[in-house]
Amino acid sequence: MEKLEEHKAFGGVQYKYRHHSSLLNSDMTFSLFLPDKEAFPDPPVLWWLSGLTCNDDNFTHKAGAQRAASRLGIAMVVPDTSPRGDSVADSEDYDLGQGAGFYLNATKEPWASHYQMADYVLDELTDLVRTVFGLRGPEFLSGHSMGGHGALVLGLKNPDRFQSITAFAPIVNPSQVPWGVKAFTHYLGEDPADWKQWDALELLKEHAGKKLPILIDQGDADGFYKKELEPEAFVEAAEEADYLVTLRMQKGHDHSYYTIATFIEEHLEFHLDHLTQ
């Protein structure tokens with residue numbers, strides 16, 4: 001593992017690393033924020049999953065989350081959004097291939113050889129940060145757009161591991177919207193039955209066991225709101241499943257990191273509040 005960056009910030013340290021992933025068959029980068037070690041020797045861990053076209057820098061550079069994470073004593077792990085490299089399958093389209101891993105495990109070639117992002121986050125990168133950095137505290141999930149989809153899906157599939165989920169403008173029902181249908185057809189094949197295990201709304205319908213607190217922020221000026229997102233459908237499914245989901249419509253806010261920066265502190269506080277409860 002190679003350390004690429006180290007920056008002092010708000011009493012903590014922001015890092016960026018590169019390592020070789022045997023699971024993804026490619027070199028990967030990830031970012032890590034650690035609050036003050038003396039004040040918070042065993043911090044809870046936020047996993048942030050970014051959206052289409054992003055890498056780990058988008059969140060660390062634009063969200064401004066380090067100040068709140070330092071105050072609250074939360075470590076933050078930010079993986080890249082896909083495997084990358086000349087040998088990794090790609091597309092000229094921004095919503096498929098590199099930068100668009102969708103946090104699933106692909107089953108169809110040429111994608112399956114590299115696009116195992118769910119297992120990468122849940123297993124390989126998890127083992128790395130636990131072993132190298134000793135991050136074994138309670139864990140939260142959060143993400144934006146495609147990453148919001150990832151946070152909801154990975155959380156609903158692993159309710160005993162994570163404590164809570166928050167999302168900004170998540171793709172809640174990818175089986176029914178253009179972004180998701182395109183990605184799922186390529187990564188998983190043409191049978192919609194194979195898509196359900198990676199669709200948060202479908203998982204919610206079948207959910208049993210521990211119910212995680214979920215907070216969703218959606219801007220009403222988001223250009224993708226009606227075509228790709230529609231979080232109200234997720235809330236309706238949650239009500240039918242007797243699963244509490246808080247949806248906050250944010251007037252005038254769009255799909256950008258300006259929205260994330262505005263409300264990220266509240267999301268971190270949401271996670272910590274539910275942990276202490």
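Helix α4 (residues 146–157) lies across β4, β6, β7 and β8 (214–219), running at about 150 degrees to β6, where contact means heavy atoms within 4.5 Å, and where axes are lines fitted to C-alpha atoms, for helices over the stretch in contact, with angles taken from 0 to 180 degrees between N-to-C directions. Helices (H or I, at least four residues) and strands (E, at least two) are DSSP runs, numbered from the N terminus. The model is predicted, so that local features need pLDDT of at least 70 and side-chain atom pairs count only at pLDDT 80 or more, whereas totals for chains, interfaces and linings use all residues. Residues are numbered from 1 along each chain as its sequence is written, and side-chain values use heavy atoms, with hydrogens and water left out.

The twelve residues of α4 reach 16 Å from the first C-alpha to the last, close to the 16 Å expected at 1.5 Å a residue, the expected span being 1.5 Å times one less than the number of residues. Eleven of the twelve residues of α4 are buried, among them Met146, His149, Leu152 and Leu156; buried means under 20% relative accessible area, exposed over 50%, and partly exposed in between, with a 1.4 Å probe and protein chains only.

A second helix, α3 (residues 117–133), lies across β2, β3 (26–34), β4 (45–49), β5 (75–79), β6 (139–144) and β7 (162–168), and runs at about 55 degrees to β3.

The open sheet is formed by nine strands in the order β1-β2-β3-β5-β4-β6-β7-β8-β9, with mixed pairing, two strands being paired if DSSP finds at least two bridges between them. Its edge strands, β1 (2–9) and β9 (245–250), each pair on one side only, and neighbouring strands are turned by 15 degrees against each other on average, direction ignored. Strand β1 runs antiparallel to β2 (residues 12–21) and is joined to β2 by seven bridges, and Arg18 in β2 is the bridge partner of Glu2.

Backbone angles in the loops deserve a separate listing.

| Residue | Backbone angle | Loop |
|---|---|---|
| Thr53 | phi near 75 degrees | between β4 and α1 (56–62) |
| Phe102 | phi near 60 degrees | between β5 and α3 |
| Pro110 | omega near 10 degrees | between β5 and α3 |

Phi is positive at Thr53, a residue other than glycine, and likewise at Phe102. Thr53 counts as exposed because its relative accessibility is 52%, whereas Phe102 is buried, with a relative accessible area of 0%. The omega value in the table belongs to the peptide bond from Glu109 to Pro110, which is cis.
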